[in-house]
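Here is a short round of questions and answers on one protein chain with its ligand. Look over the sequence and the structure, then read on.

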Amino acid sequence: MTTTTDRRAALAEQIFTSMLGALEIFHVYVGDRLGLYSTLAASGEVTADEFAAAANINPRYAREWLEQQAVSGVIDVSDDRRYALSAEAEEVLCNPDSDFQMAAGAQLIAGVAAALPKVVEAFRTGAAVPYADYGADVRVGIARLNRPMFVNHLVSEWIPAMPDIDERLRNGGWAADLGCGTGCSTLSLARGYPQAHVDGLDLDEASIAEAAAALAAEPDLADRVTFICRDAAGPSFAGRYDVVTFFETLHDMAHPVAALSAAREMLTDGGAVLVGDEKVAEKFAAPGDELERFNYGWSALHCLAAAMGEPGTAATGTVIRPSTVRKYAQEAGFSQVDILPIEHDFWRFYRLIP
Ligand SMILES: C[S@@+](CC[C@H](N)C(=O)[O-])C[C@H]1O[C@@H](n2cnc3c(N)ncnc32)[C@H](O)[C@@H]1O
């Protein structure tokens with residue numbers, strides 16, 4: 001039996017662990033933003049002063065950051081106080097394409113923390129904190145965190161889970177990527193299917209500007225990829241696309257049913273909508289597991305807040321349960337929703353059939 005004292009101590013310890021996590025993630029943020037991990041990786045074993053000179057930062061801050069990183073187990077330190085980044089840590093902190101890449105997580109948390117005063121005010125008023133107000137750290141953090149999935153798995157695993165769609169894209173089909181953010185999924189599709197045409201749409205101007213800049217860096221894709229700044233629920237290109245994708249965006253949309261209806265109209269005969277969204281539990285249960293806590297962690301602070309305010313908003317929040325996706329799909333006129341057999345720690349994949 002849990003006594004009141006045990007429970008009090010357990011909760012205090014849980015919150016202390018969260019404080020520790022916050023303090024440590026902000027040190028990762030500092031290291032990431034200043035390029036300290038790549039400097040350390042390039043430096044081999046260094047003293048604090050050598051590191052400060054190589055990183056072009058103040059020596060006293062450098063020593064404190066290095067000691068904090070060593071104490072928290074992120075970097076290695078020798079008995080004579082020389083610091084180094086292991087190959088494993090370099091992959092997690094410096095390799096943008098690794099499935100283990102996590103520095104982006106620190107950028108995201110810092111971005112949400114910076115928006116907290118607006119979120120607190122929004123709790124009072126019920127207004128939105130618009131997506132754009134979260135700024136570059138959230139926009140870029142999401143893009144960096146999701147990038148390895150798109151680069152490594154979208155074309156090799158996710159689309160092939162729908163063999164008929166894979167076949168169409170191999171033979172010059174068309175794809176639309178709704179809520180494409182800064183366009184990594186769109187560009188990965190175009191690279192992986194060299195005959196296909198891919199259009200990326202997003203409501204956020206800064207995201208589409210960054211997507212267009214990424215496209216400009218790959219001129220060989222220019223005649224097959226277009227980025228458009230537009231609401232996913234806006235007028236559709238009826239009957240043009242073999243697949244319409246929504247990656248981690250349906251739950252962010254204020255009008256998800258309208259967006260799915262538009263997507264349905266965009267499909268060619270036999271085309272499909274692919275939704276990849278949070279792998280939350282089927283039903284609410286408390287206490288939840290880490291994944292449930294993680295998704296609720298984002299919800300009120302970002303995803304729900306970004307979707308609030310608009311008249312008639314669905315205000316879904318991050319915790320989009322399978323029953324919610326089915327309900328939205330049915331309301332948008334789809335006859336069937338299949339959960340695809342794709343292994344993924346964070347997302348569940350739905351194929352919506354008109
Ligand atoms: C969490 S981000 C995901 C971005 C990208 N799909 C990815 O996985 O990296 C959600 C995106 O949905 C976009 N979004 C939200 N509502 C939208 C709407 N109604 N139409 C188009 N895009 C929308 C946001 O601007 C943002 O870029």
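Q: How far apart, N to O, are the side chains of Arg 321 and Glu 292 in their salt bridge?
A: The model is predicted, so local features need pLDDT of at least 70 and side-chain atom pairs count only at pLDDT 80 or more, while totals for chains, interfaces and linings use all residues. Residues are numbered from 1 along each chain as its sequence is written, and side-chain values use heavy atoms, with hydrogens and water left out. A salt bridge here is a side-chain nitrogen of Lys or Arg within 4 Å of a carboxyl oxygen of Asp or Glu. For Arg 321 and Glu 292 the N to O distance is 2.7 Å.

Q: How many residues apart in sequence are the parts that Arg 321 and Glu 292 tie together?
A: Helices (H or I, at least four residues) and strands (E, at least two) are DSSP runs, numbered from the N terminus. Arg 321 lies in the loop between H13 and H14, and Glu 292 lies in helix H13. The pair therefore ties together parts whose separation in sequence is 29 residues.

Q: Are Arg 321 and Glu 292 buried or exposed?
A: Buried means under 20% relative accessible area, exposed means over 50%, and partly exposed is in between (1.4 Å probe, protein chains only). By that scale, both Arg 321 and Glu 292 are buried.

Q: Which residue forms a salt bridge with Glu 64?
A: The partner lies in helix H4, as Glu 64 does, four residues away, about one turn of the helix. Glu 64 is partly exposed at 41% relative accessible area. The closest N and O atoms of the pair are 2.8 Å apart, and the partner is Arg 60.

Q: Which residue meets Asp 133 in a salt bridge?
A: Asp 133 sits in the loop between helix H7 (116-125) and H8, and its partner is in helix H7, 15 residues apart. Asp 133 is partly exposed at 36% relative accessibility. The N to O distance is 3.7 Å, and the partner is Lys 118.

Q: How many salt bridges does a search of the whole structure find?
A: Side chains of opposite charge can pair when their charged atoms come close. Some join into a network, as Arg 63, Glu 67 and Arg 81 do. The count for the whole structure is 17.

Q: Which ligand atom does the side chain of Asp 231 approach at 3.0 Å?
A: A polar contact is a pair of N or O atoms within 3.5 Å; within protein, one must be able to donate a hydrogen and the other to accept it, and residues adjacent in sequence count only if both atoms are side-chain atoms. Asn 146 has a polar side-chain atom 3.0 Å from a ligand oxygen, and Thr 249 has one 2.7 Å from a ligand oxygen. For Asp 231, the ligand atom is a nitrogen.

Q: How much of the ligand's area does the protein bury?
A: Accessible areas come from the Shrake-Rupley method with a 1.4 Å probe; for residues, only the protein chains shown count as cover. Taken alone, the ligand exposes 600 Å². The protein buries 93% of that.

Q: Which helix gives the most residues to the shell around the ligand?
A: A residue is near the ligand if one of its heavy atoms lies within 4 Å. In this model 18 residues surround the ligand, and the closest are Gly 179, Asp 202, Ala 232, Phe 247 and Thr 249. The helix that gives the most supplies three residues; it is H8 (135-158).

Q: What distance separates the centres of the two domains?
A: Domain bounds come from an automatic or database domain assignment. Domain 1 spans 4-94 and domain 2 spans 115-353. Taken over C-alpha atoms, the separation of their centres is 33 Å.

Q: Which residue is joined to Pro 287 by a cis peptide bond?
A: Pro 287 is in the loop between strand E7 (267-278) and helix H13 (290-307). Omega of the bond is about 0°, and the other residue is Ala 286.

Q: What is phi of Asn 56?
A: Asn 56 lies in the loop between helix H3 (48-55) and helix H4 (59-71). Asn 56 counts as exposed, at 71% relative accessibility. Although Asn 56 is not a glycine, its phi is positive, about 60°.
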